[in-house]
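Here is a short tour for someone meeting this structure for the first time. Have the sequence and the 3D view open as you read.

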Amino acid sequence: MSVLVYTENEEGKFKKAAFEVASYAKEIANMLGTSVTAVTFNATDSAELGTYGVDKVLEVKDDKLTTFTAKAYADAIGQAAKKEGASVVVVSSSADSKFLAPMLAVHLDAGYVSNVVALPESSTPFVVKRTAFTNKAFSLTEISTECKILGLSNNAFGLKESEDAATVESFTPELTDADFAVSVTSVDKATDQVSIADAEVVVSGGRGLKGPENWGMIEDLASVLGAATACSKPVSDMGWRPHGEHVGQTGKPVASNLYIAVGISGAIQHLAGINASKTKVVINNDPEAPFFKAADYGIVGDAFEVVPQLIEKLKEFKANNA
Amino acid sequence: MKILVCISHVPDTTSKINFTEEDTKFDTNGVQFVINPNDEFGLTRAMWFKEKQGASVDVVNVGGPETEPTLRKSLAIGADNAIRVNANPTDGFYVAKQLAKVVQDGGYDLVIAGRESIDYNGGMVPGMLAALIDANFVNTCIGLEIEGETVTAIREIDGGKETSKTSLPLVIGGQKGLVEESDLRIPNMRGIMMARKKPLNVVEPVEASEETKAQKFEKPVPKGEVTLIPADDVGKLVDLLHNEAKAI
């Protein structure tokens, strides 16, 4: 029995979500009186995971797995889980983890619960809290299978450092051509931007920005905060911004530490998508905008005047707190 | 090409969410149900294949008789046949097992499901279905082209998109981007009249165990009052974000 984690990396370097799932897994392992094993694929420094509570790393080094391939990764993690006799497998809520987890669940005949936001309420029966109805509610969900798969929401648990060191063991999963029947031919990714899924801070713009030509202001604000940029549904529908930035019930859910909404009135579908964010700031010239009811801090004012000032004040703050 | 589109019957996106029976059941009172938006993008893409490349399109839902208006709406949009698996779905794995039987019985080449339903947001049915029937699978699919044996699929990844080549049989978890919002179809009177004559087959479920179960629901704690900051004192916001919210 152990707790297994899939720890994601980008070009060999672990993502923050990898450390978060490791930290979370360590707490579960403590609850169950067992240890944490991580699976890595072509990671540069697997031993680094020890800092976040991982006891053992099964390190896969295989050129065929340089690009994420969901079925191959799911099969490899499944084999690792069987080898370790894992009773719990923890993955993140990234697009890749959500892609592979259902296939892994079939592989292991395991109950899978996504969007988990807290440590299990109890281990017997095994009950976890997850979001449902696009953050309009929580569900306490019982998993009755022997092996359980948990998909941890981003930024739900945070990082917990540990004093321990991880041992690293080479692991060679048995893969077949069928594992690569979906083959990636190209990846189009903005490497200099923070993605919404990883972001601790998200700056989002709405129709109040009046046009795509005014997005430089949102990008500048995001840049000073190290934030991802996002938008409301009408903005992506009008083609001002790509669909991938649309936040809301039919777009992306956001669970950042800070969400700044500029010129977004706050339709119920948008609010559902950002409910899980911890601190919400709204800048809007309409004092009746429903978003103010959901916000922690608000400024009623013209975004074209407020945002440049905010950028300046944040730059000053950064300079004084560097 | 035989296409199956999986349709979830979900509360409209504007619905207020409440629970009954000591917070163990979703309160459907006064709630308008619709085709799951992610499925609607998929259904529209299936119509495109039907009209441009020649395909038959069936729709399926796992649910009780109350979901039939949603299936009829799918027929009015242009699907050829509807199938309802007569069961009360409680768990994604259970639904995937029911759908696997429908796909195997119907010999479908392409199954289009939404990446997740907007009610329980499990996001597991398409991937589990693909694994159960040993089909190829692409999740968060925002582009799909099929030329003979070759499938080109585009999926959304964190911070961008990725293009893959694969083959049929294929299951996709689709979403916005698969077609444009403006391409979504509203059933017209002719479609609604024709839908009444189209077959809606009810099949009984296969036996499958429940692996996860929602024991209880909770609503988020109501938020306190917003702290309003004068527009000419933006520095105060920076101060509050740092000292009070600890967000920067």
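What share of the contacts in chain B with a separation of 6 or more comes from residues 24 or more positions apart? The share is 70%. Keep in mind that this is a predicted model.

**Chain B in outline**

Chain B has 248 residues, and 54% of them count as buried. Its secondary structure comprises six helices and 15 strands. The C-alpha trace of chain B spans about 65 × 45 × 40 Å along its principal axes.

**A sheet that draws on both chains**

Start with the sheet. It is open, has ten strands and shows mixed pairing. The order is β13(A)-β11(B)-β10(B)-β9(B)-β12(B)-β8(B)-β1(B)-β6(B)-β7(B)-β13(B). At the edges stand β13 (183–189) of chain A and β13 (200–203) of chain B. Each has a single partner strand, so one side of each lacks a neighbour in the sheet. On average, neighbouring strands of this sheet are turned by 30 degrees against each other, direction ignored.

Look next at one pair within the sheet. Strand β1 (residues 2–6) of chain B runs parallel to strand β6 (residues 56–62) of chain B, and five bridges join them. In this pair, B:Ile3 stands opposite B:Val57 of β6(B).

Two helices of chain B pack on the sheet. Helix α3 (residues 92–106) of chain B touches β1, β6, β7 (81–85) and β8 (110–114) of chain B. Its direction makes about 150 degrees with that of β6(B). Helix α4 (residues 125–133) of chain B touches β8, β9 (136–147) and β12 (170–174) of chain B. The direction of α4(B) makes about 175 degrees with that of β12(B).

**Two helix crossings**

Helix α4(B) also meets chain A. Its partner is helix α3 (residues 95–108) of chain A; the axes are 7 Å apart and the packing angle is about 45 degrees. That makes α3(A) oblique to α4(B). The crossing of the two is right-handed. From α3(A) come A:Pro102, A:Met103, A:Ala105 and A:Val106, which meet B:Gly127, B:Met128, B:Ala131 and B:Leu132 of α4(B). This contact has seven nonpolar residues, one polar and no charged.

The second crossing lies within chain B. The axes of helix α2 (residues 68–77) and helix α5 (residues 189–197) of chain B come within 7 Å and cross at roughly 120 degrees. α2(B) and α5(B) are therefore oblique to each other. This crossing is right-handed. On the α2(B) side, the contact is made by B:Arg72, B:Leu75 and B:Ala76. On the α5(B) side it is made by B:Gly191, B:Ile192, B:Ala195 and B:Arg196. By class, these residues are four nonpolar, one polar and two charged.

**An enclosed strand in chain A**

Is strand β6 (residues 86–91) of chain A buried or exposed? Six of its six residues are buried, so β6(A) is largely enclosed by the rest of the structure. Strand β1 (residues 2–6) of chain A pairs with β6(A) in the parallel sense over four bridges. Here A:Leu4 has A:Val89 as its bridge partner. Four bridges also join β6(A) to strand β11 (residues 148–152) of chain A, again in parallel. In β11(A), A:Ile149 is the bridge partner of A:Val89.

**Single residues to find**

B:Arg45 sits in helix α1 (residues 37–53) of chain B. It is buried, with a relative accessible area of 8%. Beyond its neighbours within four places in sequence, B:Arg45 contacts B:Leu144, B:Glu145, B:Leu178 and B:Val179.

Backbone angles give further points to visit. Most residues other than glycine have a negative phi, and most peptide bonds are trans. The residues in this table go the other way in one angle.

| Site | Angle | Place |
|---|---|---|
| A:Thr124 to A:Pro125 | cis, omega near -5 degrees | A:Pro125 in the loop between β8 (122–123) and β9 (126–132) of chain A |
| B:Leu168 to B:Pro169 | cis, omega near -5 degrees | B:Pro169 in the loop between β11 (160–166) and β12 of chain B |
| B:Asp134 | phi near 60 degrees | loop between α4 and β9 of chain B |
| B:Thr140 | phi near 40 degrees | strand β9 of chain B |

B:Asp134 is exposed, with a relative accessible area of 61%. B:Thr140 counts as buried at 11% relative accessibility.

Methods. Residues are numbered from 1 along each chain as its sequence is written. Chains are lettered from A and ligands numbered from 1 in the order in which they are written. This is a predicted model: local features need pLDDT of at least 70, side-chain atom pairs count only at pLDDT 80 or more; totals for chains, interfaces and linings use all residues. Side-chain values use heavy atoms; hydrogens and water are left out. Axes are lines fitted to C-alpha atoms, for helices over the stretch in contact, and angles run from 0 to 180 degrees between N-to-C directions. Angles under 35 degrees count as roughly parallel, over 145 as roughly antiparallel, 65 to 115 as roughly perpendicular and the rest as oblique. A crossing is left-handed if the near helix is turned anticlockwise from the far one by less than a right angle, and right-handed if clockwise. Contact means heavy atoms within 4.5 Å. Ala, Val, Leu, Ile, Met, Phe, Trp, Tyr, Cys and Pro count as nonpolar, Asp, Glu, Lys and Arg as charged, and the others, Gly among them, as polar. Buried means under 20% relative accessible area, exposed over 50%, partly exposed in between (1.4 Å probe, protein chains only). Two strands pair if DSSP finds at least two bridges between them.
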